[in-house]
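Here are some exercises to work through with the model open on your screen. Try each task before you read the solution.

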Amino acid sequence: MEAYNFQKVESNNSREIFIENKELEKKLLRKIDLRIIPLLTLLYLLSFLDRVNIGNAKLAHIEHDIGLVGVQFNWCLSIFFFGYILFEIPSNLILLRTNPSLWIPFIMTLWGLVMILMAFVKNFAELMSARFFLGACESGLFPGAVYYITTWYKRSETNSRIAILFMGTSFAGSFSGLLAYSIVRLDGKLGLKGWQWIFIIEGLMTVIVSIISYFLLSNYPEKTKWLRDEERKYVVERLKYDAGKAHVAHFNKKQIYAALTDWKVYLAMLHLSASSIVFYSYSLFIPTIVNGMGFDFVKSQLLSVPPFFCAGVSTLVVAILSDRKRIRSPFIFACSFIAIIGYILLIVPSIGIPGKYVGACIVGIGLSPINITSITWLTNNIAGHAKRGIATAMVLMCTNIGGALASQVYQQKDFPHYFFGHSICLGLLIAATCMSIIQYIVFETLNKRKKENPQSFLEGKTEEEIENLGDLHPDFIYSL
């Protein structure tokens, strides 16, 4: 049996000092990765698949079949995010007080059932209700999964893992087009339309996987049963060592207050609100954008696959590189520039269809890594389990506000060129890039203050207050 290195130090309070063992840590990480990441990625893939399949349903004539007119379809997209926003923070609070193996399968079962019932809506009001409850039930998965990953991995390890999780969105987009292309062939079977079969089959997939996940999903490191005692101790201690004196593992209501009053969290919320409008408008409308280039409905489904695939690959590559370099902001700046080029190609009228389609792929390559690396950047710079959990939910709540607004960006009246929608996305992307630069300046300034005058962060505080400073502790250096 391999030994994990801890050293006993005798002092007024006997404690153990953690000593890193890179070789053993590498083996342990591989074991954790295989147990946690593939399952989480599958769950999020299903979540995003159930979220965006309404775009495929549109191409299968749901609007005509239930009598949607004007911008009613866009409102059916937006209402999902209202449900998501309302229940995102409450869901993470419940997750903090319970076990992931219970809460996540439970909400998955709920949204799978809502997805199945959505196949039987008859009008605008019923579709609006179904989409609202779908958002409410899905709201706990992604913020919960991001927080869950931060309880298992060090700050320098999180981006690549969250990126793999986030790749579920890109491959869900690709898979959605291929799956919808196959499912709509059932049109007329058992008296059901093609879009109804999309909702039924994909909802059943979610329910089945949710039941399986109850038996496979792990709890937090301190509670998990598939690690040996020595391994469990090593995982917990290395996370404490990574956070240093900023580590706060216990649930503390003061941490919730700290998250709600931290202006750095609100700056991240503004940044991700802007970038998320762009990301969700791209995710929801790429089949429609491709259709506007002159392709028929069937080919549009298939041609929506490559942009999502490019987005997934670039997300993973950027995440791996940023974890290895242990920096976030330069990759955010570079990806923003790439996405801006893509939107310029989509906007310029003189560019032909091949150039615009390449532009759509370039947007995916740049856009997808921005959100995931920005979310990781925030979680890297928040210390304390409860504060990080609430801050993560707050930021992701804003991404979904962006999603609600994104549903209104591309409207049928702008078909086929969607100049207005592309222009809005370009402007918001430039604004988001500027906000990310401000975040970089803020973190760099705070790091400089911590190094030059660490005592200024501790003056006038009791020992208990110092222990609960979290990321404000001078020993905690912000990731750039």
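**Exercise 1. Work out what lines the second largest pocket.**

Start with the helix that gives most: α10 supplies four residues, the largest share of the lining of the second largest pocket. Helices here are DSSP runs of H or I with at least four residues, numbered from the N terminus. A quick word on the ground rules: this is a predicted model, where local features need pLDDT of at least 70 and side-chain atom pairs count only at pLDDT 80 or more, while totals for chains, interfaces and linings use all residues. Residues are numbered from 1 along each chain as its sequence is written, and side-chain values use heavy atoms, with hydrogens and water left out.

Next, list the helices. α10 (253-260), α11 (263-292), α17 and α18 (463-467) each put in at least two lining residues.

Now go to the middle. Of the 21 lining residues, Ala258, Lys387, Asn468, Leu469 and Leu472 are the closest to the centre of this pocket.

Then sort by class: the lining has eight nonpolar, four polar and nine charged residues. Ala, Val, Leu, Ile, Met, Phe, Trp, Tyr, Cys and Pro count as nonpolar, Asp, Glu, Lys and Arg as charged, and the others, Gly among them, as polar.

Finish with the volume, which is about 500 Å³.

**Exercise 2. Describe how α3 packs on α16.**

Two packed helices are described by the angle between their axes and the distance between the axes. For α3 (residues 72-97) and α16 (residues 385-406), the angle is about 175° and the axes are 8 Å apart. So α3 is roughly antiparallel to α16, a label for angles over 145 degrees.

Now look at who touches whom, with contact meaning heavy atoms within 4.5 Å. On the α3 side you'll find Phe81, Phe82 and Glu88, among others, and the α16 side includes Gly389, Met394 and Met397. Sorted by class, this contact holds 15 nonpolar, six polar and one charged.

**Exercise 3. Do the same for α14 with α17.**

The axes of α14 (residues 329-347) and α17 (residues 419-452) come within 10 Å and cross at roughly 165°. That makes α14 roughly antiparallel to α17.

As for who takes part, Phe333 and Tyr343 are among the α14 residues, and His422 and Tyr440 are among those of α17. The classes come out as 15 nonpolar, six polar and no charged.

**Exercise 4. Describe how α11 meets α15.**

The axes of α11 and α15 (residues 353-380) come within 10 Å, crossing at roughly 150°. That makes α11 roughly antiparallel to α15.

The contact includes His271 and Phe279 from α11, plus Tyr357 and Asn371 from α15. By class there are 16 nonpolar, seven polar and no charged residues.

**Exercise 5. Find two backbone oddities.**

Most residues other than glycine have a negative phi, and most peptide bonds are trans. What kind of peptide bond joins Phe415 and Pro416? The bond is cis, with omega about 10°. Pro416 sits in the loop between α16 and α17.

For the other one, go to the loop between α7 (158-183) and α8 (194-216), where Leu190 is found. Phi of Leu190 is near 55°, a positive value in a residue other than glycine.

Methods:
Axes are lines fitted to C-alpha atoms, for helices over the stretch in contact, and angles run from 0 to 180 degrees between N-to-C directions. Angles under 35 degrees count as roughly parallel, over 145 as roughly antiparallel, 65 to 115 as roughly perpendicular and the rest as oblique. On a 1 Å grid over the protein atoms alone, a cavity is a set of points where a 1.4 Å probe fits but cannot get out, and a pocket is an open set with protein on both sides within 12 Å along at least five of seven lines; lining residues have an atom within 4 Å of a point. Grid points are joined across faces, edges and corners, and a volume is the space filled by probe spheres set on the points.
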